[in-house]
Amino acid sequence: MTRPGLPKLIATDLDGTLVRSDETVSAYTHEVLDRVRAAGIPVVGATGRGPRLTELTRNDIRAADFLVMAGGGRVVDQSDPAGPVVLRDERLPGEVLARLLADLEAAVGPLTVMVEASDEHDAPLWGDYHPSWPYPDRFEARSRAECVSSDVIKAFARTADHHVDELLATARRIVPPETATLTQAGLGFIEICPPGVDKSTGLSVVAQTLGVDPAEVLVFGDMPNDLPMFAWAGWARVAVANAHPEVRAAADEVTLRNDDDGVAVYLDRLLSR
């Protein structure tokens, strides 16, 4: 339930939530986020995007004091005048990923797998290309052996025969949480992250840095990878109208769609009341 007054920290997902379907963020949204910061409330961009997309992410949420990236595995403090400071950097060992994939394939059949291994600017994903992947310009074909030869930031997997939510449910029955964190972000692939890595644990790093209690945090999201921060934040959990049914069910409130600047409309009203 929404608390009175104003939150002390605001975190928003990007793709599908703050960012519109045409991959833009409106001038209105940028202006409202600037007003949030001017009111003394730190802003966090909480995204599944990996550190290879840091510059794109900074451009999409220019008011952000912190970035929680890679679904919580990379946390960056952008408020230091000396430059960005990495507060968290988690990786999944390649040998753990290899065993996990073998166990999963034994249950569901062949997987299409991609890994995010590099944090260099615009680095490609490696692995098996699938035509449904929306960003073919950032992809490089590599063998499975190459993909699991080193630690990875996260991995993506899909099958031809399972809806992503069905595959996620199956994978969670097979893969214990101490081995990896499993989620999905609306791209048709499950996402395999290091154990203990999700948006709530990433936001916890930010909250501890600022001395903010989770009960004082407002969050916005649209996909199952936002559910951990919905469970963690206590001031309010707000879904956009285009959100996954599970996210809408977990929300205290539902704002307008991402294409209608739902996050900015909610925050504009919040600041004006």
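**Exercise 1. Find where Lys199 sits, and decide whether it is buried or exposed.**

*Solution.* Start with the secondary structure: Lys199 belongs to helix α6, which covers residues 199-210. Keep in mind that this is a predicted model. Next, look at accessibility. Buried means under 20% relative accessible area. Lys199 has 0% relative accessibility, so it counts as buried.

**Exercise 2. Work out which polar partners the side chain of Lys199 has, and which residues Lys199 is in contact with.**

*Solution.* Step one is the side-chain partner: the side chains of Lys199 and Asp13 make a polar contact at 2.9 Å. Step two is a backbone partner: a polar atom of the Lys199 side chain lies 3.0 Å from the backbone oxygen of Ala46. Step three widens the view. With neighbours within four places in sequence left aside, the contacts of Lys199 include Asp13 and Ala46 again, along with Thr47, Gly48, Val68, Gly71 and Gly72. Asn225, Asp226 and Met229 are also in contact with Lys199.

**Exercise 3. Describe the largest pocket and explain where it lies relative to the two domains.**

*Solution.* Begin with the space inside: the largest pocket holds about 730 Å³. Its lining is made of 33 residues, and those closest to its centre are Asp15, Gly16, Arg49, Tyr135 and Leu187. Now sort the lining by residue type: 10 are nonpolar, 9 polar and 14 charged. Then turn to the elements that contribute: α2 (54-60) and β9 (154-158) each give at least two residues to this lining. Finally, check the domains. Domain 1 (9-89 + 197-272) and domain 2 (94-193) both supply lining residues, so the largest pocket lies between them.

**Exercise 4. Do the same for the second largest pocket, and name the element that gives the largest share of its lining.**

*Solution.* The space here is about 320 Å³. In this case 23 residues form the lining, and Leu168, Arg172, Thr181, Leu182 and Thr183 lie nearest the centre. By type, the lining of the second largest pocket divides into 12 nonpolar, 4 polar and 7 charged residues. Four elements can be ticked off as supplying at least two residues each: α5 (164-174), β10 (181-184), β11 (190-193) and α7 (227-232). Of the lining, α5 provides the largest share, with 4 residues. As a last step, look at the domains once more: domain 1 (9-89 + 197-272) and domain 2 (94-193) each contribute at least three residues to the lining of the second largest pocket.

Methods. Residues are numbered from 1 along each chain as its sequence is written. This is a predicted model: local features need pLDDT of at least 70, side-chain atom pairs count only at pLDDT 80 or more; totals for chains, interfaces and linings use all residues. Side-chain values use heavy atoms; hydrogens and water are left out. Buried means under 20% relative accessible area, exposed over 50%, partly exposed in between (1.4 Å probe, protein chains only). A polar contact is a pair of N or O atoms within 3.5 Å; within protein, one must be able to donate a hydrogen and the other to accept it, and residues adjacent in sequence count only if both atoms are side-chain atoms. Contact means heavy atoms within 4.5 Å. On a 1 Å grid over the protein atoms alone, a cavity is a set of points where a 1.4 Å probe fits but cannot get out, and a pocket is an open set with protein on both sides within 12 Å along at least five of seven lines; lining residues have an atom within 4 Å of a point. Grid points are joined across faces, edges and corners, and a volume is the space filled by probe spheres set on the points. Ala, Val, Leu, Ile, Met, Phe, Trp, Tyr, Cys and Pro count as nonpolar, Asp, Glu, Lys and Arg as charged, and the others, Gly among them, as polar. Domain bounds come from an automatic or database domain assignment.
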